[in-house]
Structures are given as C-alpha cells and as structure tokens.
Amino acid sequence: MKLSKIISTYALLLILNAYFYQMIFPSKLIEDAVNAFATLPGIGKKTALRLVMHLLQRDKEESRKISEAIIRMRSEIKFCKHCHNVSDEDICGICSSPYKDKTVVCVVENFRDIIAIENTRHYNGLYHVLEGLISPMDGVGPEQLNVKSLVERIELGTVKEIIMALNPTIDGDTTIFYLSKLLSKHDLKITSIARGIAFGGELEYVDEITLARSIQARLPYESYLNNKS
Ligand SMILES: [Zn+2]
C-alpha cells in the first residue's frame, strides 16, 4: 500500500473517531445525559444518544420513575450481614428464611450467581458472596474478599457442607484451592459444582479440559437421570 493511501486511511479513521467520540450536541443538558449514560458498561455514545432520545419522546413521568428507582437502589441497598448478598434489610431474605437448609453454604463470586442458582430451584441452602476471586495477576488477595466472615460463619458450627460454585477459571481454581486449604481443619464436607458439557452441547466441540473434567466427575447413570428430571 502506498504511503499516501495509508495516510489518507489513517486521516479518515481519525475523522470517524472524532465524529463518534466528540459528538456536537445542540444542548448541554442532552450532552450531560448522553455522557452519563455512556459511562455505563456496554453503552457507547451512539446507544446513549438513542436512550436519551427515547426518554425525550416518552412521558416525563417515565423518566422520573427510572431516576427515582436508580437513586433509591443506590442509596437504600444493603448487603446482608451474614452472606453479603444484596438486601433491603440487614439480613437478606435467604438467610432469614425458615425454609432454607442452614447446614449447607454455597460460595459464589457475586450476587448475580445467587440469582442464577436460585432460579434453578434445585438448591435450598444458604450462600456466601466473596465479592471477587483471588487473582495474583490483578493483585487481589483473600484479605480483599469476604473470606474472614466465611470462616467466622463456619466456626459457629452449624454449617456441614461448603459448595464451591466459582467460575472455571484460573482465578476460580486458585480461590477454591485456597479456601479448601483454609477450611480443611474444620469438620466440613467441601464440594465443588460439577464442570461439564452444556445441555444440548456436542462432544466434538467441547474443549479437552471440560471433557476431561466431565469424565473425572462422572455420575452413576441413575443419578444422571434423576438430575435431568
Ligand atoms: Zn444473607
């Protein structure tokens, strides 16, 4: 490619970049709203502008409800004193429920995992939110996570099983390894969620590590059938 063509392509990219990232707005109010939306993950300036235009076209009441919900959520949300789940009260609905099995605690990275597991309707125990994973690469150690409070819960003696429901990543495995060592002195059953092949998946497309773990964590055929139903 000729040098002049490279320079003109580069100039075009610069112009496009300037157009999309330095939009000119007819109103400072619109500009502020777009910039505010654009700070959210996955929302660029074009999407932010579309959202602002949508709000402008709708009833003022709708915008008021959205902003009120955000302000209330941000100022009134609490974190459960037992499990660190998000909660409207000091103790979350799961920890305070008389129907939950208080002898089992499922350790998760964040409260989104609780939502996912609760929606399976196949788990009836409690949770403990670590609020992250141990990550030496990112400088995250156990002291930055809710590890101390997990140990304190176990020391109370009610918990008999800990289920590690962490992401199958290096950080997830590091965290499981650390916690298992830390908790090994307690009279506890420590388990990890099975890591296998997604329902509807095809064996030939599954990576070797997942396939190997699926074979290692194989189940008797009867319990496989029971789990499916
Ligand atoms: Zn709780």
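Two residues are in contact if their C-beta atoms, placed from the backbone, lie within 7 Å. By this criterion, residues 24 or more positions apart account for 44% of the contacts with a separation of 6 or more in the protein chain. The model described here is predicted.

**Overall composition**

The protein chain has 229 residues, of which 14% count as buried. Its secondary structure comprises 10 helices and 6 strands.

**The parallel sheet**

Strands of a sheet pair through backbone hydrogen bonds, either parallel or antiparallel. In this model, 4 strands form an open sheet in the order β4-β3-β5-β6, and the pairing is parallel. The edges are taken by β4 (125-129) and β6, each with a single partner strand, so one side of each has no neighbour in the sheet. On average, and with direction ignored, neighbouring strands of this sheet are turned by 25° against each other.

Two of the strand pairings can be described in detail. Strand β3, residues 101-108, pairs with strand β5, residues 161-164, in the parallel sense over 4 bridges. Strand β5 also pairs with strand β6, residues 189-192, in the parallel sense and over 4 bridges. The table lists residues that stand opposite each other in these pairings.

| Residue | Opposite residue | Strand of the opposite residue |
|---|---|---|
| V104 | E161 | β5 |
| V107 | M164 | β5 |
| M164 | S192 | β6 |

Residue M164 thus appears in two rows: M164 of β5 stands opposite V107, and M164 also stands opposite S192 in β6.

**The packing of helices α2 and α3**

Helix α2 spans residues 28-37 and helix α3 spans residues 45-57; their axes come within 8 Å and cross at roughly 125°. Because angles from 115 to 145 degrees fall outside the parallel, antiparallel and perpendicular ranges, the two helices count as oblique to each other. The crossing of α2 and α3 is right-handed.

On the side of α2, the contact is made by I30, A33, V34 and F37, and on the side of α3 by K45, A48, L49, L51 and V52. These residues divide into 8 nonpolar, no polar and 1 charged. Since Lys counts as charged, the charged member of the contact is K45 of α3.

**Summary**

The predicted model thus contains an open sheet of 4 strands with parallel pairing, in which β5 pairs with β3 and with β6. Among its helices, α2 and α3 form a right-handed crossing, with a contact of 8 nonpolar residues and 1 charged residue.

Methods. Residues are numbered from 1 along each chain as its sequence is written. This is a predicted model: local features need pLDDT of at least 70, side-chain atom pairs count only at pLDDT 80 or more; totals for chains, interfaces and linings use all residues. A residue is buried if 20 or more other C-beta atoms lie within 10 Å of its own, exposed if 12 or fewer, and partly exposed in between; C-beta atoms are placed from the backbone. Axes are lines fitted to C-alpha atoms, for helices over the stretch in contact, and angles run from 0 to 180 degrees between N-to-C directions. Angles under 35 degrees count as roughly parallel, over 145 as roughly antiparallel, 65 to 115 as roughly perpendicular and the rest as oblique. A crossing is left-handed if the near helix is turned anticlockwise from the far one by less than a right angle, and right-handed if clockwise. Two strands pair if DSSP finds at least two bridges between them.
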